[in-house]
Amino acid sequence: MKEKLYIIKIGGALIDDEELLNEFLEQFSDIKEKKILVHGGGKLATILADKLGVEQKMVNGRRITDKDTLDIVAMVYAGGINKNIVAKLQQKKCKAIGFSGADANLIKAKKREHAEIDFGFVGDIEKKSVNRKLISKLIKLKLVPVFSAITHDKKGNLFNTNADTIASVIAQALSSKYDVELLYCFDKSGVLEDVENPESVIKNISEEEFSFLKEEGKLHKGILPKLENALGAVKNKVNKVFLIKETELKNHIENHHAGTEICL
Ligand SMILES: Nc1ncnc2c1ncn2[C@@H]1O[C@H](COP(=O)(O)OP(=O)(O)O)[C@@H](O)[C@H]1O
Ligand SMILES: CC(=O)N[C@@H](CCC(=O)OP(=O)(O)O)C(=O)O
């Protein structure tokens with residue numbers, strides 16, 4: 001039987017709230033099984049860019065990343081946020097080790113090609129981009145890898161890659177070796193039938209249901225790329241994928257269900 005591995009993704013809103021982040025990292029540290037953390041931080045990058053007067057533009061859930069923006073996101077994601085999370089995890093006796101995709105060539109990306117839009121320094125990744133063997137070795141050493149949303153092309157360039165995609169692709173790459181459960185933790189209790197009603201959690205979503213909800217206009221902004229990445233994971237043999245509320249991590253792990261499960 002394959003060993004259990006949790007791959008857990010957190011995003012902007014949580015990272016920007018010190019109390020909530022501490023509570024989440026407490027619950028994360030308490031997980032007994034093997035685990036990996038992936039973080040974004042888009043909200044903080046936008047705040048810093050505004051302070052520096054660098055205009056920001058998102059297209060299809062991805063940040064157009066010119067050179068100035070790349071400098072900002074590398075600083076914010078691979079620098080401040082990553083190192084802060086690692087320090088907080090050490091305080092909670094979790095042996096965290098922080099990475100960008102460039103470190104030890106862990107995640108290699110290709111510049112995003114698009115017929116009409118130049119995304120700049122945005123990197124796309126796939127299963128084979130991930131250094132699966134080295135990540136497995138780190139986990140075996142009882143280290144807890146913490147990934148930021150920065151990748152590289154092995155030609156000396158850093159890239160900005162959506163953190164939901166990084167979590168999905170790492171989960172896909174490690175699923176041949178581990179029984180992977182991928183958890184997207186965010187500020188809602190799951191995918192909601194009505195985004196204004198926290199009680200309206202949809203328990204299961206398949207590709208068909210996703211298309212239906214999209215057509216009905218019930219999914220907006222960040223939830224769209226999150227669900228696309230979650231569906232990409234189940235289609236590529238990731239055993240379990242859930243979208244849950246950040247504060248529900250412990251409850252989900254102990255009681256096996258909270259939030260929305262993504263199904264084939
Ligand atoms: N039907 C829906 N169910 C849940 N969230 C939704 C829905 N439609 C839109 N959203 C929005 O998607 C957001 C999550 O995406 P995002 O902000 O990108 O998360 P993160 O930064 O944590 O990755 C929610 O906070 C919510 O505002
Ligand atoms: C290419 C691209 O869009 N990258 C994302 C990476 C950060 C991220 O994904 O952050 P959240 O998870 O907090 O949204 C961005 O710069 O916003």
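Sixteen residues, written here as 16, surround ligand 1, and the closest are Lys9, Asp187, Leu192, Lys218 and Lys226. The model is predicted. Ligand 2 is likewise surrounded by 16 residues, with Lys9, Gly12, Arg63, Tyr77 and Asn160 the closest. Lys9 is thus listed among the closest residues for ligand 1 and for ligand 2.

**Ligand 1: contacts and cover**
- The side chain of Asp187 places an N or O atom 2.6 Å from an oxygen atom of ligand 1.
- At His220, a backbone N or O atom is 3.3 Å from a nitrogen atom of the ligand.
- A polar backbone atom of Ile223 lies 3.4 Å from an oxygen atom of ligand 1.
- Of the 570 Å² of accessible area that ligand 1 has on its own, the protein covers 80%.

**Ligand 2: contacts and cover**
- Two backbone contacts involve oxygen atoms of ligand 2: an N or O atom of Gly41 at 2.9 Å, and an N or O atom of Gly42 at 3.2 Å.
- Asn160 contributes its side chain, with an N or O atom 2.9 Å from an oxygen atom of ligand 2.
- The protein covers 89% of the 430 Å² of accessible area that ligand 2 has on its own.

**Pocket and surrounding shells**
- Ligand 1 occupies space in the largest pocket, and ligand 2 also sits in the largest pocket.
- The shell around ligand 1 comprises six nonpolar, five polar and five charged residues.
- Around ligand 2, the shell comprises four nonpolar, nine polar and three charged residues.

Terms used:
Residues numbered from 1 in each chain as written. Chains lettered and ligands numbered in written order. Predicted model: local features only at pLDDT ≥ 70, side-chain atom pairs only at ≥ 80, totals over all residues. Heavy atoms only, no water. Near = heavy atom within 4 Å. Polar contact = N/O pair within 3.5 Å; in protein donor to acceptor, adjacent residues only side chain to side chain. Areas by Shrake-Rupley, 256 points an atom, 1.4 Å probe, with all protein chains shown as cover. 1 Å grid on protein atoms, 1.4 Å probe; cavity = no way out; pocket = protein on both sides within 12 Å on 5 of 7 lines; lining within 4 Å. Sits in = over half its atoms within 2 Å of the grid points. Nonpolar A, V, L, I, M, F, W, Y, C, P; charged D, E, K, R; others polar.
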